[in-house]
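Trainee: I'd like a close look at just one part of this model, the core, at bench level and without the brochure talk. Please start with the sulfurs, then work outwards.

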Amino acid sequence: MKHATLDDQLITAGPESPAQARCPECGAPVVKRKRARMDGAVTYFYRHQQGQGEDCPLRYTPISADR
């Protein structure tokens, strides 16, 4: 997710944003991650901590192969 909350304020993931925040939808802890794009640019995003946000509608759930 591109946005998270910290101290009840919406923040955008970026190089200067905090490493930990909260999910704006479910309130679970999220951590900042980064990924290199194909053109070499870096994109930042927040992801739920492992084991958190299981029922969050913003959480990415991959389709299983047996479907």
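Mentor: Sulfurs it is, and the cut-off comes before the count: a disulfide is a pair of cysteine sulfur atoms within 2.5 Å. By that rule the structure holds 0 disulfides. One caution before we go on: this is a predicted model, where local features need pLDDT of at least 70 and side-chain atom pairs count only at pLDDT 80 or more, while totals for chains, interfaces and linings use all residues. Residues are numbered from 1 along each chain as its sequence is written, and side-chain values use heavy atoms, with hydrogens and water left out.

Why no bond for Cys 23? Its closest cysteine sulfur, in Cys 56, is 3.6 Å away, which is too far for a bond. Seen from Cys 56, the closest cysteine sulfur is that of Cys 23, again too far at 3.6 Å. Cys 23 has 2% relative accessibility, so it counts as buried (buried is under 20% relative accessible area, exposed is over 50%, partly exposed is in between, with a 1.4 Å probe and protein chains only). Cys 56 counts as buried too, at 6%.

Those two cysteines belong to the largest nonpolar core, which has 9 residues in all: Ala 4, Ile 11, Ala 13, Ala 21, Cys 23, Val 30, Tyr 44, Tyr 46 and Cys 56. To get into such a core, a residue must be a buried Ala, Val, Leu, Ile, Met, Phe, Trp, Tyr or Cys, joined through side-chain atoms within 4.5 Å. Nonpolar side chains tend to be buried together in soluble globular proteins.

Tyr 46 is a good core member to follow. Tyr 46 sits in strand 5, residues 42-48 (strands are DSSP E runs of at least two residues and helices are H or I runs of at least four, numbered from the N terminus). With 1% relative accessibility, Tyr 46 counts as buried. Its side chain still makes a polar link, reaching the backbone oxygen of Pro 18 at 2.8 Å. A polar contact here is a pair of N or O atoms within 3.5 Å, one able to donate a hydrogen and the other to accept it within protein; residues adjacent in sequence count only if both atoms are side-chain atoms. Gln 20 is 26 residues from Tyr 46 along the chain, yet their C-alpha atoms are separated by 8.4 Å.

Ile 11 is another core residue. Setting aside neighbours within four places in sequence, Ile 11 is in contact with residues including Ala 4, Pro 18, Ala 21 and Tyr 46 (contact means heavy atoms within 4.5 Å). On the same basis, Ser 17 is in contact with Thr 12, Lys 32 and Tyr 46. Ser 17 lies in the loop between strand 2 and strand 3, counts as buried at 12% relative accessibility, and has a side-chain polar atom 2.8 Å from the backbone oxygen of Gly 14.

Now the framework. The protein chain has 0 helices and 5 strands. Strand 1 and strand 2 run antiparallel, joined by 4 bridges (strands pair if DSSP finds at least two bridges between them). Thr 5 has Leu 10 as its bridge partner in strand 2. This hairpin leaves 2 residues between its strands. Asp 7, in that loop, has a positive phi near 55° and counts as exposed at 68% relative accessibility. Asp 8 has a positive phi near 65° and is exposed at 81%.

Strand 3 and strand 4 are also antiparallel, with 3 bridges, and here core residues meet: Ala 21 stands opposite Val 30. Their hairpin has 6 residues between the strands, with Gly 27 in the turn at a positive phi of about 85°. Strand 4 then pairs antiparallel with strand 5 over 7 bridges, Ala 36 taking Val 42 as a bridge partner. In that hairpin Gly 40 has a positive phi near 95°.

Zooming out, 25% of the 67 residues in the protein chain count as buried.
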